[in-house]
Amino acid sequence: MEIKMVDLKNQYLRIKDEIRKSVDEVLFSSQYIKGRQVEEFEQSLKEYLGVRYAITCANGTDALQIALMSLDLKPNDEVICPSFSFIASAEVIALLGLRPVFVDVDYNNFNTTAKNIKQAISIKTKAIIVVHLFGQSAEMEEILSIAKQYNLYVIEDNAQSFGAESIFSDGSAKKLGTIGNIGCTSFFPTKNLACYGDGGAIFTDDDILAEKLRMIANHGSKQKYNSQRIGVNSRLDTLQAAILQVKLKYLDQYLKKRQEVANIYNNELKNLEQIILPSKSPNSTHTFNQYTIKVMEKKRNDLQTYLKSKNIPTAIYYPIALHKQTALSLVSRKGNEMTNTDRLCSEVLSLPMHTELSIEQQKYITENIKQFFIQEKK
Ligand SMILES: *Cc1c(COP(=O)(O)O)cnc(C)c1O
């Protein structure tokens, strides 16, 4: 049995004809840059998320960089960021000459908390990058209230949770990426909404920020050959927009399938006391970009090796926390407790999770996990 961490080929085969037609339209038009499909996809994104502005760009890291650039911060201004995340969430802070301040995350849901953020605020703090890790929302209501109190910008890094919703105490719900001042996402092939290469987008409801964001992504100019500010060249290819336009129609179906895969894992693995299953936050829907378990008693690496010997791929997101990354630790302001992050780095294991996983494949995975712990006991 061949099991993949992410199965992009079989997902493609299901929608092959539609994709090829859409791609062919671009090839025939030859409008590879800024073709009409880019604008059409931006329109679809706005409708899907219920947000006023959607600005596509080259990738999720660029989205974060452009978002930070639009805030016009000064050198050494501080930006708070969770320490348990992908490097992209923080490297853009350092790249722009700003100072990252890392904070710990919640042990259960992997996301940072309003309490941890509040403790890290100084007079230099100007913004928070909130990462919605593995598929669900951080506690946005509480974080927004702190941001308001201290007058901080909130940038959402929604690369892993596109399509998920935050649920507020009054019962209302909002799509992630539309809650803070600016939302950023990635269409990298392993994300919930994925293209066939690199892609990203930025979201906001704010007229002034929207204008700045669009300018920055386009060499700092509104008109061609007339630059008003320092920008970058960051565009979504027309081909990728054409692919994404097709795939966006299937996103809710894909998210439903991810949920079903997670339910099966939950059911099959619930009696194993040596692992902790992913917990679902009450204030969020979950899109399971990753299904990440925690393995107790230093058995994580052994379990991974055992599963590998059975041809079951797994991944460690993330083995080294951001506060321990050499380049970042040189520039970050330190002093915050990282107990949960440090523990998670040695316990987490992400299982195969994608829209094409069959029940037989999942059975094979879960039976082998159980088998590992039976052997351990002997
Ligand atoms: C993937 C990812 C990014 C970066 O996206 P790219 O498109 O690869 O640049 C940023 N943040 C998080 C949390 C991610 O998972």
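This is a short tour of one strand and one asparagine, with what to select at each stop. The model is predicted, so local features need pLDDT of at least 70 and side-chain atom pairs count only at pLDDT 80 or more, while totals for chains, interfaces and linings use all residues. Residues are numbered from 1 along each chain as its sequence is written, and side-chain values use heavy atoms, with hydrogens and water left out.

**Stop one: strand β4**

Select residues 125-131, strand β4, where 6 of the 7 residues are buried (under 20% relative accessible area, 1.4 Å probe, protein chains only). Strands here are DSSP E runs of at least two residues, helices H or I runs of at least four, numbered from the N terminus.

Add β2 (residues 78-82): it runs parallel to β4, joined by 3 bridges. Look for valine 79 and its partner in β4, alanine 127. Strands pair if DSSP finds at least two bridges between them.

Now show β5 (residues 153-157), also parallel to β4, with 5 bridges. Isoleucine 129 has isoleucine 155 of β5 as its bridge partner.

**Stop two: asparagine 192**

Jump to asparagine 192, in the loop between β8 (182-186) and β9 (200-204). Is asparagine 192 buried or exposed? It counts as buried because its relative accessibility is 4%.

Show its side chain. One polar contact goes to the side chain of threonine 287, at 3.0 Å (N or O atoms within 3.5 Å, one able to donate a hydrogen and the other to accept it; residues adjacent in sequence count only if both atoms are side-chain atoms). A polar atom of the asparagine 192 side chain also lies 3.0 Å from the backbone oxygen of phenylalanine 162.

Finally, pick serine 161: its C-alpha is 7.0 Å from that of asparagine 192, though they are 31 residues apart along the chain.

Notes:
Buried means under 20% relative accessible area, exposed over 50%, partly exposed in between (1.4 Å probe, protein chains only).
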